[in-house]
Amino acid sequence: MVWVPGGAFEMGADEFTDSRPVHPVSVKGFWMDEHEVTNVQFAEFVKATGYKTVAERPLNPTDYPGVPAEQLVPGSAVFTPPAAEVSLNNPLQWWKYIPGANWEHPNGPASTIKGHENEPVVQVSYDDAMAYAKWANKRLPTEAEWEFAARGGTNNQTYYWGNELKPSGKWVANIHQGNFPEKNTLEDGYAGAAPVKSFPANPFGLFDMEGNVWEWCQDFYRPDYYSSSPKVDPKGPEDSYDPEEPGAVKRVQRGGSFLCSDQYCIRYKAGSRGKGEVSSGSNNLGFRCVR
């Protein structure tokens, strides 16, 4: 873990409706994992506790009325690029529910984490991340702590690393290059998650605070929260609300992932926010902890 000194900053981004208004926030100092929790670290937790992630647990038929029992198989969402160019209006064209996909088999039952021990663990729900954090005597960061840490002592930059997408002509984060979603030109060297520390650290010594995999924060998600957020150590709203899915309980995710692209998802930009239903995982979603 590395020490993140407390301080004040301007939180949010005018570019995104749910990141407005940009507002002053101060946070106390805290310790933060220097990189995302890796497969080998999560494996240690599972070995010590016998924990089963949400993606590995049997599905309750009462939660899925009308779905045939034979289809209620544990699994998770996997990015599956189409063979040809598609409209970007329907993410189901590149996301598929794969039975048997979980943290040990992130892309489905035929995949493995062997040889990928130092990549971020993925296919973890909010509850899974919380369970690991409790075992490690840590916790998940607040959204304000996460953004303060990602900014690395800077303000008013387009990206967490500066104002140029490719400083000195080099990719400094693991995102998508090429035509999304069917063609990745691999200019940054990675089609999926990269091993932690593959790209430069920020001024606080933190790696992969943008791109690679999304990271869970402890805050409930509401698009209107910033208009009433406290100015000192905000902890997020008391409940969740997403007008796009009013019945779903969601928590904030931050940082973007290897699938972010200026063609589709630009949520790796400074101050932007993500969101996710608390029991869901995917192969581009992980976390890191603080203390």
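**Entry 1: W31 and the surface patch**

I started at W31, which sits in strand β4, residues 30–32. I keep in mind that this is a predicted model. Is W31 buried or exposed? Neither: W31 counts as partly exposed, because its relative accessibility is 39%, and buried would need under 20%, exposed over 50%. I then looked for nonpolar surface around this residue. W31 joins M1 and W3 in a nonpolar patch of about 310 Å².

**Entry 2: helix α1**

Next I went to α1, which spans residues 39–49. Which of its residues are buried? I noted N39, F42, F45 and V46. They lie on the same side of α1, because they cover an arc of only 120 degrees around the axis. I turned to the face pointing away from that buried side and found the exposed residues K47 and A48 there. What covers the buried residues? The cover includes α2, residues 126–135. I also checked what comes after the helix. G50 follows α1, and its phi is positive, near 75 degrees.

**Entry 3: the cores**

I looked up the largest nonpolar core, which has 27 residues. Which members touch the most other members? They are F42, V121, Y132, W216 and F287. The elements giving two or more residues to this core are α1, α2 and β7. The largest share is that of α2, with four residues. Apart from this core lies another one, of 24 residues, and I listed M32, M209, Y221 and Y225 among its members.

I went back to V121 for its contacts, leaving out residues up to four places away in sequence. V121 touches V37, T38, N39 and F42, and its list also includes W103, L285, G286 and F287. Two names on that list, N39 and F42, I had already met as buried residues of α1. F42 and F287 had come up in the largest core, too.

**Entry 4: L186**

Last, I checked L186. Where does L186 sit? Its place is in the loop between α3, residues 143–151, and β7, residues 214–220. L186 counts as partly exposed, because its relative accessibility is 40%. Which residues does L186 contact, beyond its neighbours within four places in sequence? I found Q177 and A191. I also looked up the distance from L186 to P5, which is 181 residues away along the chain. Their C-alpha atoms are separated by 35 Å.

Methods. Residues are numbered from 1 along each chain as its sequence is written. This is a predicted model: local features need pLDDT of at least 70, side-chain atom pairs count only at pLDDT 80 or more; totals for chains, interfaces and linings use all residues. Side-chain values use heavy atoms; hydrogens and water are left out. Buried means under 20% relative accessible area, exposed over 50%, partly exposed in between (1.4 Å probe, protein chains only). Contact means heavy atoms within 4.5 Å. The arc is that of the directions from the helix axis to the C-beta atoms. Patches are made of residues with over 30% relative accessible area and no salt bridge: like charges are joined within 9 Å, nonpolar side chains (Val, Leu, Ile, Met, Phe, Trp, Tyr) within 5 Å. Accessible areas come from the Shrake-Rupley method with a 1.4 Å probe; for residues, only the protein chains shown count as cover. A salt bridge is a side-chain nitrogen of Lys or Arg within 4 Å of a carboxyl oxygen of Asp or Glu. A nonpolar core is a set of buried Ala, Val, Leu, Ile, Met, Phe, Trp, Tyr and Cys residues joined through side-chain atoms within 4.5 Å.
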